[in-house]
Amino acid sequence: MSKITIRYFAAAAAAAGTEQETWDRPETLSQLRAQLAEAYGPAMAQVLRAGSFLINGVVRRDAGELGSADKLTVDVLPPFAGG
């Protein structure tokens, strides 16, 4: 099974207790979202409800496949205030 690098920012890092880790690669963003919520509980679930993901630098909010890139980096971003 291939691996992905997950990087967490701000509230997502606080919920995960780390800024970066390596996980087994799920097939879809929906699966990753569920795994993160299960692993890190309500604090992460709250971040995931309003946050977004960058998959190899591209914003993703859908639940589809993560893609076929050999090296995959997923950034978990909480909602940001400002304008």
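This is a short chat about reading strands and one buried residue in a predicted model.

Colleague: Let's start with strand β5. How many of its residues are buried?

Modeller: Strand β5 covers residues 73-77, and 5 of its 5 residues are buried, so the strand counts as mostly covered.

Colleague: And which way do the side chains in β5 point?

Modeller: Here's the general idea: in a regular strand, side chains alternate between the two faces of the sheet. Now the case here. Thr-73, Asp-75 and Leu-77 point one way from β5, while Val-74 and Val-76 point the other way. Both sets are buried.

Colleague: Which strands pair with β5, and in what sense?

Modeller: To read pairing, look for bridges between two strands. Strand β1 (residues 3-8) pairs with β5 in the parallel sense, over 4 bridges. Strand β3 (residues 52-55) is also joined to β5 by 4 bridges, but these two run antiparallel.

Colleague: Which residues could I click on to see that?

Modeller: Try Ile-6, whose bridge partner in β5 is Val-74. Then try Phe-53, which stands opposite Val-76 in β5.

Colleague: Okay, now Glu-21. Where is it found?

Modeller: Glu-21 is in strand β2, residues 20-24.

Colleague: What is the nearest side chain of opposite charge to Glu-21, and how far away is it?

Modeller: That's Lys-3, at 11 Å. A salt bridge needs the charged atoms within 4 Å. Glu-21 is buried yet has no salt bridge.

Colleague: What does the side chain of Glu-21 join up with in a polar contact?

Modeller: The side chain of Trp-23, at 3.0 Å. Setting aside neighbours within four places in sequence, Glu-21 is also in contact with Ile-4, Thr-5, Ile-6, Tyr-8 and Tyr-40.

Definitions and conventions. Residues are numbered from 1 along each chain as its sequence is written. This is a predicted model: local features need pLDDT of at least 70, side-chain atom pairs count only at pLDDT 80 or more; totals for chains, interfaces and linings use all residues. Side-chain values use heavy atoms; hydrogens and water are left out. Buried means under 20% relative accessible area, exposed over 50%, partly exposed in between (1.4 Å probe, protein chains only). Lys and Arg count as positive and Asp and Glu as negative; His and the chain ends are not counted. A polar contact is a pair of N or O atoms within 3.5 Å; within protein, one must be able to donate a hydrogen and the other to accept it, and residues adjacent in sequence count only if both atoms are side-chain atoms. Contact means heavy atoms within 4.5 Å. Two strands pair if DSSP finds at least two bridges between them.
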